[in-house]
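The exercises below are meant to be worked with the sequence and the coordinates open side by side. Each task is followed by a solution that proceeds step by step.

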Amino acid sequence: MPNFHHPFSTYWMKKADEWLSMIVRSIGHCEKCPKPGYWEEKSKANTGGLENHHILEKSVYLAYRYLKINSICLCTFCHTEAESDKEGFAKWLEENRSDTYIWMQQAEKSKNSIQINYQRIAEQLKAQYMELLKTSWMDTDIDVPPGVHT
Ligand SMILES: [Zn+2]
């Protein structure tokens, strides 16, 4: 069976999600508390305890799913808290990242339903991540991202 996946398929959507998550988590610490991530020898990536939180829900606001401003690197604890207390998180944003907060207020008004070429985005994000690797402390021996929380 040929290894073909349609550019708009869930397969490429997940790939794009994973590469974006790798890029966001390469910040290396929680942007809220700010707990550091830890190195995972097995996956050779800084997956440790860090997750990509979408400020506006990725399944609702498809148009913003891959926008950097809609992403924030959070530890597992802060991520769970941000999901369960959306008002509290919005307040934190307002006080600590006002640019993001103002963007969120504007962006919230439009729930664009658009078609996304996930394959193109996945490939662009992978290339960005590979560029990041060249200028960071991270290991370069990585081809596919490990299964990650997004
Ligand atoms: Zn945290």
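**Exercise 1.** Does Met 104 count as buried, partly exposed or exposed, and what is the reason?

*Solution.* The model is a predicted one, and the first step is to place the residue, which lies in helix 4, residues 98-107. The second step is to count its surroundings: Met 104 has 19 C-beta neighbours inside 10 Å, and because a residue needs 20 or more to be buried and 12 or fewer to be exposed, Met 104 counts as partly exposed. The third step is to list the contacts, and, with residues up to four places away in sequence not counted, Met 104 touches Ile 55, Leu 56 and Leu 93. A separation in space can be added, since the C-alpha atoms of Met 104 and Ala 90 are 9.0 Å apart although these positions lie 14 residues apart in sequence numbering.

**Exercise 2.** Starting from the contact with Met 104, determine where Ile 55 lies and which residues Ile 55 touches.

*Solution.* Ile 55 is placed in the loop between strand 3 (50-54) and strand 4. Its C-beta surroundings come next: 24 other C-beta atoms are found within 10 Å, and Ile 55 is therefore buried. Once residues up to four places away in sequence are set aside, Ile 55 touches Asn 70, Ile 72, Thr 100 and Met 104. For one of these partners, Ile 72, the C-alpha to C-alpha distance is 7.2 Å, with 17 residues of separation in sequence.

**Exercise 3.** Decide whether Gly 37 and Met 13 are buried or exposed, giving the neighbour count in each case.

*Solution.* Gly 37 belongs to the loop between helix 1 and strand 1 (38-40), and because 20 C-beta neighbours fall inside 10 Å, Gly 37 counts as buried. The C-alpha atoms of Gly 37 and Leu 74 are 9.4 Å apart, for a sequence separation of 37 residues. Met 13, by contrast in its setting, is part of helix 1, and with 21 other C-beta atoms within 10 Å Met 13 is buried. Its C-alpha atom is separated by 9.8 Å from that of Arg 120, a residue 107 places apart along the chain.

**Exercise 4.** Describe how helix 1 and helix 5 are arranged, covering the approach and crossing of their axes and the residues that meet.

*Solution.* The two axes come within 8 Å and cross at roughly 25°. Since angles under 35 degrees count as roughly parallel, helix 1 and helix 5 are roughly parallel to each other. The handedness of the crossing is left-handed. At the residue level, the helix 1 side includes Trp 12, Met 13, Ala 16, Trp 19 and Ile 23, while the helix 5 side includes Tyr 118, Ala 122, Leu 125 and Tyr 129. Taking Leu 125 as one example, its contacts, apart from neighbours within four places in sequence, are Ala 16, Trp 19, Leu 20 and Ile 23.

**Exercise 5.** Which residues of the largest nonpolar core touch the most other members, and which element gives the most to this core?

*Solution.* The core holds 24 residues, and those touching the most other members are Ala 16, Trp 19, Leu 74, Ala 122 and Leu 125. Two or more residues each come from helix 1 (10-25), strand 4 (71-75), helix 2 (76-84), helix 3 (86-96) and helix 5 (118-134). Helix 1 gives the most, with 7 residues.

**Exercise 6.** Summarise the fold, and state where the confidence of the model is lowest and highest.

*Solution.* The chain has 5 helices and 4 strands, which follow one another along the sequence as α-β-β-β-β-α-α-α-α. Buried residues account for 31% of the 150 residues, and of the contacts between residues at least 6 apart in sequence, 68% join residues at least 24 apart. The mean pLDDT is 82, and 79% of the residues score at least 70. Confidence is lowest in strand 2 (residues 45-48), with a mean of 58, and highest in helix 3, at 97. Over residues 139-150 the pLDDT is below 50, yet this stretch has 19 contacts in the model beyond near neighbours in sequence.

Key
Residues are numbered from 1 along each chain as its sequence is written. This is a predicted model: local features need pLDDT of at least 70, side-chain atom pairs count only at pLDDT 80 or more; totals for chains, interfaces and linings use all residues. A nonpolar core is a set of buried Ala, Val, Leu, Ile, Met, Phe, Trp, Tyr and Cys residues joined through C-beta atoms within 7 Å. Two residues are in contact if their C-beta atoms, placed from the backbone, lie within 7 Å. pLDDT is the predictor's confidence in each residue, from 0 to 100. Axes are lines fitted to C-alpha atoms, for helices over the stretch in contact, and angles run from 0 to 180 degrees between N-to-C directions. Angles under 35 degrees count as roughly parallel, over 145 as roughly antiparallel, 65 to 115 as roughly perpendicular and the rest as oblique. A crossing is left-handed if the near helix is turned anticlockwise from the far one by less than a right angle, and right-handed if clockwise.
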